[in-house]
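Dear colleague,

I am handing over the structure we spoke about, and below it I have set down what was found in it. Please read the notes with the coordinates open beside you.

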Amino acid sequence: VQRLRYRRRLAYNTSSNRRRISKTPGGRLVYLRMKKIGAIPKCGDTKRKLFGIKPARPKELMSMSKRMKRVTRAYGGCLSSGAVRNRIIRAFLVEEQKIVVKVLKAQAKK
């Protein structure tokens, strides 16, 4: 079994120093450094993963187009579709309640 050694200065098994074994054309085994995987954004309300958004690290997100970072919807890329639906329904019901209160006040005056 061939011994392997790190190819960079960091000599500890940390999350930023992940590696995999690769065989070179010369037959040697060497470590290849693996990049960190990006996290999938989560909904602020439901805490579930958002669909249609690519997981990426912050530097990769900078060069990605807006289409890949969000969904074409109100609060796309921040809230899930169910959370947006619930907000819309809640806002509608609050407005309806205000109208009902006004009507009841008008009837009480008569």
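Two rings of Phe, Tyr or Trp, with the six-membered ring taken for Trp, are counted as a pair if their centres lie within 6.5 Å, and a pair is called stacked when the planes are under 30 degrees apart, edge-to-face when they are over 60, and tilted for the rest. Please bear in mind throughout that this is a predicted model.

By this rule the count comes to 1 aromatic pair. The rings in question belong to Tyr6 and Tyr31, whose centres are 5.8 Å apart and whose planes meet at 35°, so the pair is tilted. The two partners come from distant parts of the chain, since Tyr6 lies in the segment before β1 while Tyr31 belongs to strand β2 (residues 29–33), with their positions 25 residues apart in the numbering. As for accessibility, Tyr6 is partly exposed, with a relative accessible area of 22%, whereas Tyr31, at 18%, counts as buried, because the cut-off for buried is under 20%.

Tyr31 has further partners. The charged end of Arg19 sits over the ring of Tyr31, 5.1 Å from the ring centre. Setting aside neighbours within four places in sequence, Tyr31 is in contact with Leu4, Arg5, Tyr6 and Arg7, and also with Arg19, Arg20 and Ile21. By contrast with these contacts, the C-alpha atoms of Tyr31 and Lys110 are separated by 85 Å, the two residues being 79 residues apart along the chain.

Strand β1 (residues 19–23) includes Ser22, which is buried, with a relative accessible area of 17%. Beyond its neighbours within four places in sequence, Ser22 is in contact with Arg28, Leu29, Val30 and Leu32.

Where, then, is the largest nonpolar core? This core has 6 residues, namely Cys43, Leu50, Ile53, Leu79, Ala83 and Val84. One of them, Leu79, is in contact with Cys43, Gly44, Asp45, Leu50, Arg73, Val84 and Arg87, again leaving aside neighbours within four places in sequence. Arg87, in turn, lies over the face of Tyr75, at 5.2 Å from the ring centre.

With kind regards

Conventions: Residues are numbered from 1 along each chain as its sequence is written. This is a predicted model: local features need pLDDT of at least 70, side-chain atom pairs count only at pLDDT 80 or more; totals for chains, interfaces and linings use all residues. Side-chain values use heavy atoms; hydrogens and water are left out. Helices (H or I, at least four residues) and strands (E, at least two) are DSSP runs, numbered from the N terminus. Buried means under 20% relative accessible area, exposed over 50%, partly exposed in between (1.4 Å probe, protein chains only). Contact means heavy atoms within 4.5 Å. A charge sits over a ring if NZ of Lys or CZ of Arg is within 6 Å of the ring centre and within 35 degrees of the ring normal. A nonpolar core is a set of buried Ala, Val, Leu, Ile, Met, Phe, Trp, Tyr and Cys residues joined through side-chain atoms within 4.5 Å.
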